[in-house]
Each structure stands twice: as C-alpha cells, then as structure tokens.
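User: Hello! I am new to this structure and would like to know how the words used for it are justified. Could you take me through the reasoning?

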Amino acid sequence: MNLTLDEKKIRKGKPVGLPYVGSKKKISKKIVEIIKQNFGTDKTVYDVFGGGGAITAELMINGIDVVYNDLDKTITDMFNRVLIQDREWIKTLIVNRDEFIAIREKEIKTVDDELKLLVNSFGNDRRSYLYSKQVSDIKYNLAVEILEKEDVLVGYKKTTTYQRAVNLYEDKLGFVDKQEKHRVLQQLEQLERLQQLEQLQKLQQLGQLERLPKTINKDYKYFSNVKNSILYLDPPYENSDTRKYNSQIDYQEFYDWAYEMSKNNIVLLSSYEVSDDRFECVYEFKTARSTMSGGTTGKRTEKLLIVDLFIEKTAIFQNTVTKKHFYSDKKAILLK
C-alpha cells in the first residue's frame, strides 16, 4: 500500500517551528499534506513526540485540530511562548557570548532564557555558543546593528549595514592572501541568528490564529485510550542515543503499543528503519536523508510507515479480499 501525495497542493512558503535538533521541518509540509489528501481534515491529530513543533505548526496552519505532546516541557513552553509574543520581543533573544554563558550557568532558567540558549547555540544544543571566540563579537555586533538600523530578518545581505561591514573587512584583509580572505568573509556571511529569528517570527505569526494547540507533557502510553483519531509518531530513531530526549524507549514495547492503537486509529510512524515487520512503508521522502555518522550516512531515507494489519486479518477475511481492498475498507471505517 502507498499513500498518495499530489505535491502541487503542498502549501507554499517555508516550514514553521522551533530551530530544534531532530525537527521534521524539512518534510513537515509533505507529511501534513499526506494526512490531508489521504485521511481528510476532520480528525484530531496527536503529535505524540512533538519536539520543536514543526508538525503541530503545520497542522495549525492547515486548520487541523492538533494535540501537541512532548516529554520535555521546556520545548513545548518555548513553542507556546513564541506564539503569544510579538516581533519586537523576538529581536531581544540575541545575546553575546558572555550573556550566553551567564544564562547557561543559571540554576533556574526562565522560558526566555531557554529560548536565548536555543537561538544562540551551535547546533541548537543550548550548551555551546554559536560562534567561535575569534568572530563572536564581530558577528554579534553586526546582527544587532542590522536589527537596530535596518529592522530586517530576511534579506539582511542586501542591507546597507551589511554591505558596509563587508567592504570594511575587505579593506582590513587587504594584505591577507586570497584564500584566507574568502574564508573570513564567508564566515561573516552566515548570520545564523538572524535566520533563526526569522523562523521564530514565522512561528509567532501563527499566534494570530488566536487558538493555541492543546499541549501535554506525557509519555506516549498516556494516549492509550485515544480512539477514532490520527496518531503521528516521531520517536527517537531506533538504535540511536535517546538520552538527550529525556526518554529511554523500549522499542518492542512501543511497537506493540502502536500496533494496538492502530486497531482504533490511523497510526503514522516516521523513521529511517523499523525492526518490527508489522510496519509497512507507505511513503518515502527520498530527499530527507540521515545525517547520522557511520557507514550508512546519506543512504537511509526518512519513511512514513503504518501497521500492516492485513497480515493479521487474512484468516478472518479467508483470503476473500485483496490487500488493497482491506486498506480501503479500513480507511473508510476510520474516517467515518
């Protein structure tokens, strides 16, 4: 069985969500469009491992009722905090290296503190400052100046302030060899903080919908009584280090749970590989590849899977229906 996707119907514009490690922003628009085209828009979607909220945000944009869940309350608090703020507040999230370290060392952090660590950290890990000591002050001051004088987050390379800075550093580097000059100017080009503030601005604009998502911070088993809904599952990848997700998952137990939940719900699972053969790939995102280290880097692609209940039902149906017909019937029943 394959799910259909008419890519011409995918929403235009950039994906939305926190700049968060493991985010599904690259494929969030496709995933939600797959849900719309195959299962409609009238059912609540449970984003059970919501992370940075890319799927939740896309569901909100498309007017689909969503429950946003993640064990890490800090993440969901940051997401909802951005939704209720304005653009001027977003601009205050840029901090310099000293401020970053001071916030990081605080025993008790506010949601705003956590957002400052997220926006200003390397790889959004909330631990390492975004820029090296050699260029941190230069890039921080330039970003602040662009915000103060130009008030732009998008297209900052076209601003007078940015062009003046580039010209200034080209003059200063006049005596440096061409390769080194190129390296320094290339570093200057990447003002990642402004790019991340742009992401937050797009998320903040969702607050204008005047309806925050229902937010929960529970283990996936909390949703065991959900029926007649859509469960989107994006757990930490099997065989990966799950400690950073504040969760140690027993994957066989999780797959058993997902199988049971599929009897009364539409259950969609995102992963690269699943060891349980009850799951069948129904859509492959061929451009979304693994960035994990190892010999298979770049070879594994993100997949959308469902539980293959047909295998369990063949005895009941006595082989009188095809697999295609069974899935059509199951889909029709769940969408009633």
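Analyst: Happily, and let us begin with a term: a crossing of two helices is right-handed if the near helix is turned clockwise from the far one by less than a right angle, and left-handed if anticlockwise. In this predicted model, α1 passes α2 in a right-handed crossing.

User: Why are α1 and α2 called oblique to each other?

Analyst: Helix α1 covers residues 25–39 and helix α2 covers residues 54–61, and the angle between them is about 40°. Angles under 35 degrees count as roughly parallel, and 65 to 115 as roughly perpendicular. The angle of about 40° fits neither range, and therefore the pair is oblique. Their axes lie 9 Å apart.

User: Which residues make the contact between α1 and α2?

Analyst: From α1 come Lys25, Ser28, Lys29, Ile31 and Val32, and from α2 come Ala54, Ile55, Glu58 and Leu59.

User: What makes α3 roughly perpendicular to α6?

Analyst: Helix α3 (residues 73–83) and helix α6 (residues 111–119) pack at about 95°, with axes 9 Å apart. The range for roughly perpendicular is 65 to 115 degrees, so α3 and α6 earn that description. Thr74, Asp77, Met78, Arg81 and Val82 of α3 meet Val111, Asp112, Glu114, Leu115 and Leu118 of α6.

User: Is Glu253 buried, exposed or partly exposed, and how do you know?

Analyst: Glu253 has 39% relative accessibility. Buried needs under 20% and exposed needs over 50%, so Glu253 counts as partly exposed. Glu253 sits in helix α11, residues 251–261. Leaving aside residues up to four places away in sequence, Glu253 touches Tyr220 and Lys221.

User: How much of the protein is buried?

Analyst: Of the 336 residues, 49% are buried.

User: What makes a group of residues a nonpolar core, and which residues have the most contacts inside the largest one?

Analyst: Members must be buried residues of nonpolar kinds, such as Leu, Val or Phe, joined through side-chain atoms within 4.5 Å. The largest such core has 64 residues, and Leu18, Leu197, Leu203 and Leu268 have the most contacts inside it. Leu268 touches residues including Leu3, Ile35, Phe39, Tyr232 and Ile306, not counting residues up to four places away in sequence. A second, separate core has 23 residues, among them Phe223, Val226, Leu269 and Val307.

User: How many helices and strands are there in the protein?

Analyst: The protein has 13 helices and seven strands. Of the contacts between residues at least 6 apart in sequence, 67% join residues at least 24 apart.

Methods
Residues are numbered from 1 along each chain as its sequence is written. This is a predicted model: local features need pLDDT of at least 70, side-chain atom pairs count only at pLDDT 80 or more; totals for chains, interfaces and linings use all residues. Side-chain values use heavy atoms; hydrogens and water are left out. Helices (H or I, at least four residues) and strands (E, at least two) are DSSP runs, numbered from the N terminus. Buried means under 20% relative accessible area, exposed over 50%, partly exposed in between (1.4 Å probe, protein chains only). Contact means heavy atoms within 4.5 Å. Axes are lines fitted to C-alpha atoms, for helices over the stretch in contact, and angles run from 0 to 180 degrees between N-to-C directions. Angles under 35 degrees count as roughly parallel, over 145 as roughly antiparallel, 65 to 115 as roughly perpendicular and the rest as oblique.
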